[in-house]
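Colleague: I am new to this structure and should be grateful for a close look at a single part of it. Please take one strand and describe its surroundings.

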Amino acid sequence: MAKDLANAKSPVKGGRPPMKRGKGDFKVIGRLLKILFKNYKALIIGVCICLVFSAISGSVAGVFLENIYKQIDNYFAGAMTQHEAWANVIKVLVVMLSVYAVGWVANFFLGQLGAVLTQRYLRDLRNDMFDKMQRLPIRYFDRTAHGDIMSIYTNDVDAIRQLISQSIPQLVMTMITLITLTFIMLYFSVMLWAVVVVGVIAILFVTKKIGGKSAKYFMAQQKSVGKVEGFIEEAMNGQKVIKVFCHEEKTVADFDKLNGELCDVSDKANGFSNMLMPIIHNIGNIMYVVIAFIGCGIYILSEGKGINVSFEALFAGKGFVVTLTIPVVVAFLGMARQFANQMGQISNQINSVVMAMAGASRVFGLLDEKPEEDNGYVTLVNAKYDENGNLTESKERTGIWAWKHPHSADGSVTYTLLQGDIVLDDVDFGYDENKIVLHNISLYAKPGQKVAFVGATGAGKTTITNLINRFYDIADGKIRYDGININKIKKGDLRRSLGIVLQDVNLFTGTVMDNIRYGKLDATDEECIAAAKLAGADDFITRLPEGYDTELTNNGANLSQGQRQLISIARAAVADPPVMILDEATSSIDTRTEAIVQRGMDKLMEGRTVFVIAHRLSTIRNADVIAVLDHGRIIEKGNHEKLLAEKGTYYQLYTGAFELE
């Protein structure tokens, strides 16, 4: 993790390196199988039983075929009557049909159980991935391209789906079939089986040479797909910027380059893959011809008597004897062809297994990411005053909140009223531990005070607010909340006590009411409407086609920037936190809309401790404390009148001598 921190870039400056991609090895397949056997034993057992019956039923055709030919030969040799021959043939066919019927039933249930197993596993896997993603620190998303993360949920999960639903069952069935065919062919003829062994060696050699190259390019293809999807995601998010700067042609050229790389590796991957199967089939055809030549040659040279092959040694003196006759040769040819086809199936699944290994490596890489650490033990609870005026915990909602602080030394518990008193004491911080971006930051905000941060982009304004809600942990110094070190407070409880209105508004798919209620999931409709009225959003919401039930999609694209910002203010208001953080909430809207939004924020800020980041200095004139930052240091601090009187940086910014940017 330390290495990741060292490589991480500051989100203030932007830039995200691509996700570290898994190499893909058999360890991840072993881990995947371990999860399957651990969590889905009943389904696995059912699938395995079906695979065994399906594979064996598909492998014994040669035995029945040889038996039928034998009955016909016996009839023509005069060893039995026509009636007896027909009776024996019908018996063989009935048994053969019964075996195939068992195979059909096994295949049916194999399909059903396999589908259930695959979908349940993928459901649980996606749930685990999404759950883990919610527990990752903000730093992870700063250093990881979002398109790469989406590629894990789509391409990599789909590669695992193909492995579980197709490749693994096919490989298991193929192995059972090969083992069954091996014993049957050994029973019929060791000599002809030796020819099959030579063919198998040739197939394995070709598979290693050509299949290895194919696998390498399929892994490269998996990585290229992630790059292409990441580029598409960035282009979609940045369409306005692309069009404003007329970079359509440049964007198309960049995409063509990435897409060309994907096409190149895909061509090579599929080229080698498509080359492999015909070669294996031709080796099978050669093997087929050699077996026919040797079998028929032996039969002719023996003048139709065939050769007796004793298996006494193999079967512990039981004295099995098989005669290499034409029926045996014909049955053996069918089994040899089936054997070669099954070897081809193994080669055909190599690419799917390799892609699944790469995909599973990236999936498990996400699941193995170190979650956001939270060693806090101070919690936020509903509180009330007892008859003695002491603050105590309450099971009912009282509107009073307190910090519940257990003390390990004596086992006592103290309750501190949640007021919004925040102190930063000599704080240092760096996104990279080797490069500190905040130096000796010290300031305080008493309950109900308004603290404003002023400074150029990159000065550290947003970074300070990110430290207050512990998106990042400080390198040195202390931050206290109502006198409690915030490192002792559970992050979830800390963040519940904070309301944040950001410059970039995120609205989710759902109704306007749903988006306001996002601030407090158990808020009633009346509370949401009251929050909207407080924010000044009720007027435009009631004029929407469906009012508060109007569906919002695509981040509220059907609303203006100001309307979206008012909804975000209402969302913060319904949470009713004692501390508010307003991060340049009006910097991207026009002056008229700003006045409306500012009125909503002024109502929201009443009686709360507020941290404001603003480009327009006119919006922070009434702040109790204005901190001017430059390169991560507070160079001036005081109220509006004091800073103007000092005629320093703030004075020059306010009078227009300096620009913020």
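Modeller: The account below concerns strand 15 and the strands beside it. The model is a predicted one. Strand 15 covers residues 579–583, and 5 of its 5 residues are buried, so this strand is largely enclosed by the rest of the structure. Buried here means that a residue has under 20% relative accessible area.

The side chains may be taken next. In a regular strand, side chains alternate between the two faces of the sheet. In strand 15, Val579, Ile581 and Asp583 point one way, while Met580 and Leu582 point the other way. Residues on both sides are buried, Asp583 among them.

The neighbouring strands come next. Strands of a sheet pair through backbone hydrogen bonds, in either a parallel or an antiparallel sense. Strand 15 pairs with strand 12, which spans residues 498–502, in the parallel sense over 5 bridges. Within this pairing, Leu582 of strand 15 has Val501 opposite it. Strand 15 also pairs with strand 16, made up of residues 609–613, and here too the sense is parallel, with 5 bridges. In that pairing, Met580 stands opposite Val610 of strand 16.

Leu582 and Met580, which point the same way from strand 15, thus appear in separate pairings: Leu582 is opposite Val501, and Met580 is opposite Val610 in strand 16. To summarise, strand 15 is a buried strand that pairs in the parallel sense with strand 12 and with strand 16.

Definitions and conventions: Residues are numbered from 1 along each chain as its sequence is written. This is a predicted model: local features need pLDDT of at least 70, side-chain atom pairs count only at pLDDT 80 or more; totals for chains, interfaces and linings use all residues. Side-chain values use heavy atoms; hydrogens and water are left out. Buried means under 20% relative accessible area, exposed over 50%, partly exposed in between (1.4 Å probe, protein chains only). Helices (H or I, at least four residues) and strands (E, at least two) are DSSP runs, numbered from the N terminus. Two strands pair if DSSP finds at least two bridges between them.
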